[in-house]
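Here are some short exercises to work through with the model open beside you. Try each task before reading its solution.

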Amino acid sequence: MSEKNLPQGVSIVTENGLEAVRIDTELCTGLVYRNGAHVAEWTPKGSEPVLWMSGSSHFTDGTAIRGGIPLCFPWFGPGRDGDRTPAHGFARLSPWNLTSAELSPNGLVRLVFTLTGDDVADLGGFPADFEASYAVTMGTAMQLALTVRAGEQPLEVEEALHTYFAVGDARQVRIEGLDGADYLDKVAGDRRTQSGDVTFTAETDRVYFSEATTRIVDEQLGRTIVVEKACSANTVVWNPWVDKSEAMADFGDEEWTGMCCVETVNALGDATQLSPGASHTMSATISLT
Ligand SMILES: O=P(O)(O)OC[C@H]1O[C@@H](O)[C@H](O)[C@@H](O)[C@@H]1O
C-alpha cells in the first residue's frame with residue numbers, strides 16, 4: 001500500500017530498522033511490523049501500554065520479535081507431532097502485505113495484512129496455495145481476526161495469537177475464567193484440571209482446553225485485561241520464570257516479572273481442519289476495565 005492511500009492517523013514508518021505501520025488516533029496509539037504482521041503496541045489513550053515488549057528483542061526481517069503478538073501459523077510450537085520447524089510456524093517470520101487501512105467514523109483503525117505461499121521463504125512442506133488474512137482493529141479495544149482459506153488441498157492448521165501482556169508483577173496477578181478447565185501442563189508433561197484462578201509461582205506453560213473469556217486481574221497496575229475469543233478452542237498461558245528467561249538470548253534475565261502470555265489458540269487435537277476452498281476465522285477482542 002502506498003503512503004498516499006493511508007487514512008489520517010496511520011503512517012508507514014521504520015521502527016528498529018523494520019518497516020511498520022504506526023497508528024496515532026484520538027483513541028489509541030499502536031504499531032504493527034510488516035515482519036510477521038506483528039502487533040508490537042496497542043495503548044488506549046490515557047492508559048499504560050497493554051502489550052509487553054522485551055528490551056532484548058531482535059529486530060531483523062525473517063526473525064521472531066519477542067513480545068507484542070507473534071502470529072503463530074500454520075503450526076504451534078513444534079507442531080502436533082513435535083517435529084516441525086521453524087518453531088510456531090513460518091507466519092511470524094514472513095513479510096505480510098498491508099492490503100487495506102481504514103479509519104471508521106467512530107475512530108477505529110482497521111488494518112488488513114495478507115500472506116500467501118508466494119511470500120514465504122520456506123513452507124516446511126505446507127501447501128503453497130493457502131491464503132491468510134489478518135485484520136487488526138484498534139480503538140479503545142483491539143480486535144484481532146486471523147482468517148485462513150484452503151486452496152485445492154485440505155489443510156490442517158494450528159494457529160495462535162501469542163499475546164504478551166504487560167503486568168505490574170506476574171507473581172501478583174490472577175487469571176480468571178479457566179477454573180475447572182482441563183489443560184496440558186507442558187512443564188510437568190501431564191494433563192491436569194484447573195482449580196480456581198491461575199497464578200504464577202514457577203515456570204508455567206499450559207494449553208487449556210477452553211473457549212472461555214479470560215480476565216487478567218492486575219491490582220498493582222489497577223486494571224483488568226479482558227480477552228474474549230471466538231472460534232478458539234485453547235488458551236495458552238505462559239511465563240518462563242527464572243531459568244528459561246536466562247536461557248533465551250532475546251529475553252532479559254529479569255523481564256519475566258513484567259509479563260505474562262495469555263494466547264488465543266487452536267492447537268494439538270483442536271487444530272482446524274479445512275476442506276478444499278473452505279475458510280475459518282479465529283478472533284480475539286482485548287479490552288481494559
Ligand atoms: O521462544 P518462542 O518460540 O517464541 O516460544 C515461546 C513459548 O511460547 C509458548 O506459547 C509455548 O507454549 C512455549 O512452550 C514457548 O516456550
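The exercises below deal with the ligand site and then with salt bridges.

This is a predicted model, in which local features need pLDDT of at least 70 and side-chain atom pairs pLDDT 80 or more, while totals for chains, interfaces and linings use all residues. Residues are numbered from 1 along each chain as its sequence is written, and side-chain values use heavy atoms, without hydrogens and water.

**Exercise 1.** List the residues around the ligand and sort them by class.

Step 1: Look for residues with a heavy atom within 4 Å of the ligand. They are Arg 66, Phe 76, His 88, Arg 92, His 162, Lys 186, Asp 205, Val 236, Trp 238, Lys 244 and Glu 263.

Step 2: Count Asp, Glu, Lys and Arg as charged, Ala, Val, Leu, Ile, Met, Phe, Trp, Tyr, Cys and Pro as nonpolar, and the others, Gly among them, as polar. The shell then has six charged, three nonpolar and two polar residues.

**Exercise 2.** Find side-chain N or O atoms in polar contact (N or O pairs within 3.5 Å) with ligand oxygens.

Step 1: Lys 244 places such an atom 3.0 Å from a ligand oxygen.

Step 2: For Lys 186 the distance is 3.1 Å, and for His 88 it is 3.2 Å.

**Exercise 3.** Which parts does the salt bridge between Arg 66 and Asp 250 tie together?

Step 1: Apply the cut-off, a Lys or Arg side-chain nitrogen within 4 Å of an Asp or Glu carboxyl oxygen. The whole structure has 13 salt bridges; in the one between Arg 66 and Asp 250, the closest N and O atoms are 3.1 Å apart.

Step 2: Arg 66 is in the loop between β4 (38-44) and β5 (71-72), and Asp 250 in the loop between α1 (241-247) and β20 (259-266), so the bridge joins parts 184 residues apart in sequence. Helices (H or I, at least four residues) and strands (E, at least two) are DSSP runs, numbered from the N terminus.

Conventions: Polar contact = N/O pair within 3.5 Å; in protein donor to acceptor, adjacent residues only side chain to side chain.
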